[in-house]
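Q: Please take a close look at one part of this model, and set it against the protein as a whole.

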Amino acid sequence: MLSKLTQPFRTHQWLVLLFPALFWLIVFFLIPLAAIFVYSFAERGTYGGIQWHFTLKNYGQSLDPLYLGILWRSILTGIISTGACLLIGYPFAYYLARYRPRGRNLLLLLVVVPFWTNFLIRTYAWILILRTEGVLNAILGSVFPNAPTVELLNTPIAVLIGLIYGYLPFMILPLYASLEKFDRTLIDAAKDLGANRWKAFVNVTLPLSIPGIAAGSVLVFIPTVGAFITPDLLGGGKVDYIGNVIERQFKTARDWPFGSALSFLLMGIVLAATVIYFRALQGQEET
């Protein structure tokens, strides 16, 4: 009798287990995304509302050289931030994976500690560090009394520093997860075959850590391309990034259709770049 009652649950068990994730994905991702997609084909009303007249002028306007230049600047910033996070995060993750287990937990804790503080507060902290009368210039002035004042705040360099700091843990953690389960006997085998330490790293360790590199690069590149809080606070609004432009369309200009079109243009470019990146990595692994 009990088996008959539980039979429907066993038959549709996979649906029951997937329901929470599917519900969250549909309600909080797919439905808002569909709404933004519909908005992108509408027109802005006289006082900022939505006029339901089908048009493609929003996408035509988003292809203006002005916005394409801003988009390219954002993509280039994302590429530089991702590359810098990889250069900084890979040695740290490699050292972390090889460190003794007792000290490794402490180092992992230090990587995760920034997440205990709000991202906005951490960005404001960089303002105190980088401003003209900030911590950085105070330290430089004490070490080099005759050194000129370094003006980093409200510059693209400050934006890069903030982005690299904010998203570096997203690079370190996937790399650590990939390197931590790496079989060290493969390095010994490579050395037995005549490879030195560098050749063993290039031919064995690096190829086997490609999944971690790919995951970390995607986790850093996607949010840095569309970032708007860090460029707004550390850039001072002097240099436009695509995230700031989209934010102003929704909040200041009240042009939701054009902001939606810019959002979908950005999403399409980032998605295409991500697919190309993964296919290139897959082809490299096969060779």
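How much area does the protein expose, and what share of it do carbon and sulfur atoms supply? Within the largest nonpolar core, which residues touch the most other members?

A: This is a predicted model, in which local features need pLDDT of at least 70 and side-chain atom pairs count only at pLDDT 80 or more, while totals for chains, interfaces and linings use all residues. Residues are numbered from 1 along each chain as its sequence is written, and side-chain values use heavy atoms, without hydrogens and water.

The protein exposes about 17700 Å², of which carbon and sulfur atoms supply 69% (Shrake-Rupley method, 1.4 Å probe). Of its 287 residues, 35% count as buried, meaning under 20% relative accessible area with a 1.4 Å probe, protein chains only.

The largest nonpolar core (buried Ala, Val, Leu, Ile, Met, Phe, Trp, Tyr and Cys joined through side-chain atoms within 4.5 Å) has 23 residues, and Cys85, Ala93, Leu175 and Tyr176 touch the most other members. At least two residues of this core come from each of α4 (65-98), α5 (101-112), α8 (156-180) and α11 (210-225), helices being DSSP runs of H or I, at least four residues, numbered from the N terminus. The most is given by α8, with ten residues. Leaving aside neighbours within four places in sequence, Cys85 is in contact (heavy atoms within 4.5 Å) with Tyr90, Ile164, Tyr167, Leu168, Met171 and Val220. Apart from this core lies another, of 14 residues, including Ile242, Ile246, Leu265 and Leu266.

Note on methods: Buried < 20%, exposed > 50% of the residue type's maximum accessible area, 1.4 Å probe, protein only.
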